[in-house]
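This briefing introduces selected structural features of one protein chain to a reader who is new to the subject. Please keep the sequence and the structure in view while reading the points below.

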Amino acid sequence: MEFLIRIASLVRKELLAVLRDKKSRLALIIPPIIQIAIFGYAATMNVTRVPYAVLDKDGGEAAAQYIANLEGTGIFRRQAAAATEKDIDRMIDNREIVVGLTIPPDFSRSIQTGRPASLQLIADGRNTNTAAIALSYGQQIAAAYGAELLSKNGGSSPVETESRAWFNPNLITRWFIVPGLIAVLVLINSILSGALSIAREREEGTFDQLLVAPYTPGEILLGKGTASVVTGIMQAVFVVLVAMFWFRIPFQGSIWLLSAALLLFIVTAAAIGLCISSFAQSLQQAIVGTFLLLVPMVMLSGFATPISSMPEIFQDLTLLNPMRYGLELIQRIFLEGAGFLDLWPLFAAIMAVTVAAVLAAIFSFHHKIS
């Protein structure tokens, strides 16, 4: 009981230090509002490579030619050959592919007889920008192939495409960006809050007083970490509410599952912030260290650039990035309504990163004060 009282007093001290300072209060509120407004309305992304799967029910020369035209762009990269429609469904669900192409059994025969030939493209609408561009490219390639057939055969054999986007039928970019922005803002603010906590004490000359107070180093670290987590939760709740009620992003999943994902993500970010704070001698060093780490974490998360479009060495590096797992968890819970059985590998991965980050924070803090 006495242990909990000491921890509560430390958490109260940290929260009061933030809330009593006008600049700190503004830092909790103003940056998330500005960031969600800018990213929610103005952010765009580019696509260089699109993993796809093909279900070729035709097996004819015309189907092979369309697939060759598709892959000849250098943008589409075949991930697998599907045996059934369920294979395409599964690969899109698991994010193994962005686009599933189905060629019907009468595709070549329709072209040979001069009748319209149809194709089906199904895209993963959870990543709106990639899906829209991929569908557009697929349609353009089909139109160009149809024009080539017309000029060659002199008949009327256009190629038609039927396009659908799952989880985001109208390909509204904001539906992808805003849930991802929840992860970005939580990461930035939680790491920054943790990074400034110890550095602020050193800057103000009160850290040594804290060490001689009746607190163990573990209690000091736990108190500061808990305060960072609490402020992170407050900001996360604010951004989620803005996403749901201002931007009208449809929420398909479980609020409890989203809460668990956000809590793990916030604890990880706060622990990383405390690691930075342990080694920083001043607020300036803590801020510089934070942003040196934040930029690559965001860039290697899949938020700005699809991970499939990155060089392989960077794709491997993303496996160490908690932002990657937090981003995917939030987007899938929001848009897909995925349950725990679908997401447990992501939860296991982010749990491993969380444990590593907490242990690193404990080690760095004890090493610094010893």
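**Loop residues with positive phi**

Arg-95 has a relative accessible area of 28% and is therefore partly exposed. The model discussed here is a predicted one. The points that follow begin with backbone geometry and then turn to salt bridges, nonpolar cores, helix packing and two buried polar or charged residues.

- Arg-95 is located in the loop that runs between α4 and β3 (99-103).
- Although Arg-95 is not a glycine, its phi is positive, at about 60°.
- Most residues other than glycine have a negative phi.
- Arg-248 likewise has a positive phi of about 60° and is not a glycine.
- The loop between α9 and α10 contains Arg-248.
- With a relative accessibility of 62%, Arg-248 is classed as exposed, because the cut-off for that class is over 50%.

**Salt bridges**

- The model contains six salt bridges.
- One of them joins Glu-85 to Lys-57, with 2.3 Å between the closest N and O atoms.
- This pair connects distant parts of the chain, as the two residues are 28 residues apart: Glu-85 belongs to helix α4 (residues 85-93), whereas Lys-57 belongs to the loop between β1 (50-56) and α3 (61-71).
- Glu-85 is partly exposed, at 37% relative accessibility, and Lys-57 is also partly exposed, at 38%.
- Another salt bridge is formed by the side chains of Asp-87 and Arg-90, at an N to O distance of 4.0 Å.
- Why are Asp-87 and Arg-90 separated by about one helical turn? The two are three residues apart in helix α4, and therefore about one turn of the helix lies between them.
- Arg-90 also forms a salt bridge with Glu-96, the closest N and O atoms lying 3.7 Å apart.
- Asp-87, Arg-90 and Glu-96 are thus joined into one network by salt bridges that share partners.
- Within this network, Arg-90 is partly exposed at 39% relative accessibility, and Glu-96 is partly exposed at 33%.

**Nonpolar cores**

- In soluble globular proteins, nonpolar side chains tend to be buried together.
- The largest nonpolar core in this model has 65 residues.
- Which members of this core touch the most other members? They are Ile-182, Leu-187, Ile-191, Ile-249, Leu-262, Phe-334 and Leu-343.
- At least two residues of the core are supplied by each of α7 (173-204), α9 (217-245), α10 (255-279), α11 (283-299), α13 (322-336) and α14 (340-369).
- Helix α7 provides the largest share of the core, namely 17 residues.
- Leaving aside residues up to four places away in sequence, Phe-334 touches a set of residues that includes Pro-179, Ile-182, Val-240, Ile-249, Phe-251 and Leu-258.
- Apart from the largest core lies another core, of 27 residues, and Val-50, Val-99, Ala-131 and Tyr-145 are among its members.

**Packing of α10 against α11**

- Helices α10 and α11 pack at an angle of about 140°, and their axes are 9 Å apart.
- The crossing of α10 past α11 is right-handed.
- From α10, the residues making the contact are Ile-272, Ile-276 and Phe-279.
- From α11, they are Gln-285, Ala-286, Gly-289, Thr-290, Leu-293 and Met-297.
- Which classes of residue make up the contact of α10 with α11? There are six nonpolar residues, three polar residues and no charged residues.

**Buried residues in helix α7**

- Ser-190 lies in helix α7.
- Is Ser-190 buried or exposed? Its relative accessibility is 0%, so Ser-190 counts as buried.
- Not counting residues up to four places away in sequence, Ser-190 touches Gly-232, Ile-266, Ala-269 and Ala-270.
- Helix α7 is also the place of Glu-201.
- Glu-201 has a relative accessible area of 5% and is therefore buried, since the cut-off for a buried residue is under 20%.
- Glu-201 and Leu-283 are 82 residues apart along the chain, and their C-alpha atoms are separated by 9.2 Å.

Conventions
Residues are numbered from 1 along each chain as its sequence is written. This is a predicted model: local features need pLDDT of at least 70, side-chain atom pairs count only at pLDDT 80 or more; totals for chains, interfaces and linings use all residues. Side-chain values use heavy atoms; hydrogens and water are left out. Helices (H or I, at least four residues) and strands (E, at least two) are DSSP runs, numbered from the N terminus. Buried means under 20% relative accessible area, exposed over 50%, partly exposed in between (1.4 Å probe, protein chains only). A nonpolar core is a set of buried Ala, Val, Leu, Ile, Met, Phe, Trp, Tyr and Cys residues joined through side-chain atoms within 4.5 Å. Contact means heavy atoms within 4.5 Å. Axes are lines fitted to C-alpha atoms, for helices over the stretch in contact, and angles run from 0 to 180 degrees between N-to-C directions. A crossing is left-handed if the near helix is turned anticlockwise from the far one by less than a right angle, and right-handed if clockwise. Ala, Val, Leu, Ile, Met, Phe, Trp, Tyr, Cys and Pro count as nonpolar, Asp, Glu, Lys and Arg as charged, and the others, Gly among them, as polar.
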